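The exercises below are meant to be worked with the sequence and the structure side by side. Try each task before reading the solution that follows it.

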Amino acid sequence: MTQSHPRISKAVIPAAGLGTRFLPATKATPKEMLPVVDKPAIQYVVEEAVSAGLDDVLMITGRNKRPLEDHFDRNYELESALGKKGDAERLAKVQESSDLATMHYVRQGDPRGLGHAVLCAAPHVGREPFAVLLGDDLIDPRDPLLQRMIEIQERHGGSVIALMEVAPEQIHLYGCAAVEATADGDVVRVTGLVEKPDPADAPSGYAIIGRYVLDPHIFDILRKTEPGRGGEIQLTDALQQLTEDEKVGGPVHGVVFKGRRYDTGDRGDYLRAIVRLACEREDLGPDFRAWLRSYVAEEMQQR
C-alpha cells in the first residue's frame, strides 16, 4: 500500500548571493532582478512554486536585496498612474507580482553557502517537508518538474532532488548523484552524493539542478554540518548523510528531468535563455524570430 505523507505547502528560495559573475550590473541591482525578456528572473521562480500549489514562499535575502521585496509588494503610485491612463494591460502586469503568493523574507546575515541559507528557513518551515527552488535555474512551465517531485515525495517520504544528465566534462560544475533504478522510468534511488567532483571521480553523469523537496530532518543535519567545498556549508553534504541512514529522514530519490531548463547563472546561458523565451512568446516570437534569422544570415555572409 502506498504510504501517504504530509502535503507540502511551503517553498524556500535562496536569494542572498552576490551575483559576482554579472558585475558591474549587479553592483547595485540583485542578480535575481535582472530581466529575462520583461520579467525579473525571480518572478519566474515564484510563479513555478505557485503553479505547483506552493503559495507560502520564503525568500532568503541579504544586503542590497530590498528590490526583491519591493517587486512583490504593492506600488500604489504606479498603479494609480496606470489606472488614470486607462492602461489596464500594464496595470494587470504590475499587480500580478504582488498577488502571486504570500511572501516572507529572512536575511542570511553571513553568506556561508546554500546549506546555511536553507538552514535560515528552519523557524518558518518548522517540521514540515518543503521545496527549495534556486533562482539560477528556470524551468519551463510546460514541464512540471516540481509537481512531479512533490508527487514522489508524498508517495515515498524523505527527500527528492532534481537530476539532469550532463556531458562528462561539465559534471565538475554540479553536485553529482550515485543512483539506482526504480520501477518509475524517471525516478531513481539516490545512494550517494558528491559536490563538484572531478570527471574521473564522478559516480554518474547525473547532475543536481536547482530544485529540491526536503524532509525537515535536513535542518538537524545542517546544524551539525561542517564547511565543505569552498569553505561553505554545502546542502549536498547534508543530503549525503541522509542517503547513508534512511532512519534519520527517509530515503532520497531523484527525478530525472529531460525538459526545458534555462540556466541564467552564466552570462552566455542567460543571453541564450532570453533568446529562447522571446522566440517562444506569442506576442514577441514571430517578429523576433524573423529578425534573428535575418541577423544570423547576415553574419554568415560576412564570414
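A residue counts as buried when its relative accessible area is under 20%, as exposed when that area is over 50%, and as partly exposed in between. The model shown here is a predicted one.

**Exercise 1.** Decide whether T243 is buried or exposed, and find which residues distant in sequence it touches.

*Solution.* Begin with the location: T243 belongs to helix α9, which covers residues 235–244. Next, take its relative accessibility, which is 14%, and compare this with the cut-off of 20%; because 14% is under that value, T243 counts as buried. Finally, set aside the neighbours within four places in sequence, and the contacts of T243 that remain are V190, T191, G192, L193 and V252.

**Exercise 2.** Work out how the radius of gyration of the protein compares with the globule rule for 303 residues.

*Solution.* Start from the secondary structure, which comprises 12 helices and 13 strands. The radius of gyration of the protein is 20 Å, while the globule rule gives 19 Å for 303 residues, and the two values are close, so the protein is as compact as a globular protein of that length. As for its extent, the C-alpha trace spans about 60 × 50 × 40 Å along the principal axes.

**Exercise 3.** Find what share of the residues is buried, and what share of the contacts with a separation of 6 or more joins residues 24 or more positions apart.

*Solution.* Taking the 303 residues of the protein, 49% count as buried. Turning to contacts with a separation of 6 or more, residues 24 or more positions apart account for 76% of them.

Conventions:
Residues are numbered from 1 along each chain as its sequence is written. This is a predicted model: local features need pLDDT of at least 70, side-chain atom pairs count only at pLDDT 80 or more; totals for chains, interfaces and linings use all residues. Side-chain values use heavy atoms; hydrogens and water are left out. Helices (H or I, at least four residues) and strands (E, at least two) are DSSP runs, numbered from the N terminus. The radius of gyration is taken over C-alpha atoms; the globule rule is 2.2 Å times the number of residues to the power 0.38. Buried means under 20% relative accessible area, exposed over 50%, partly exposed in between (1.4 Å probe, protein chains only). Contact means heavy atoms within 4.5 Å.
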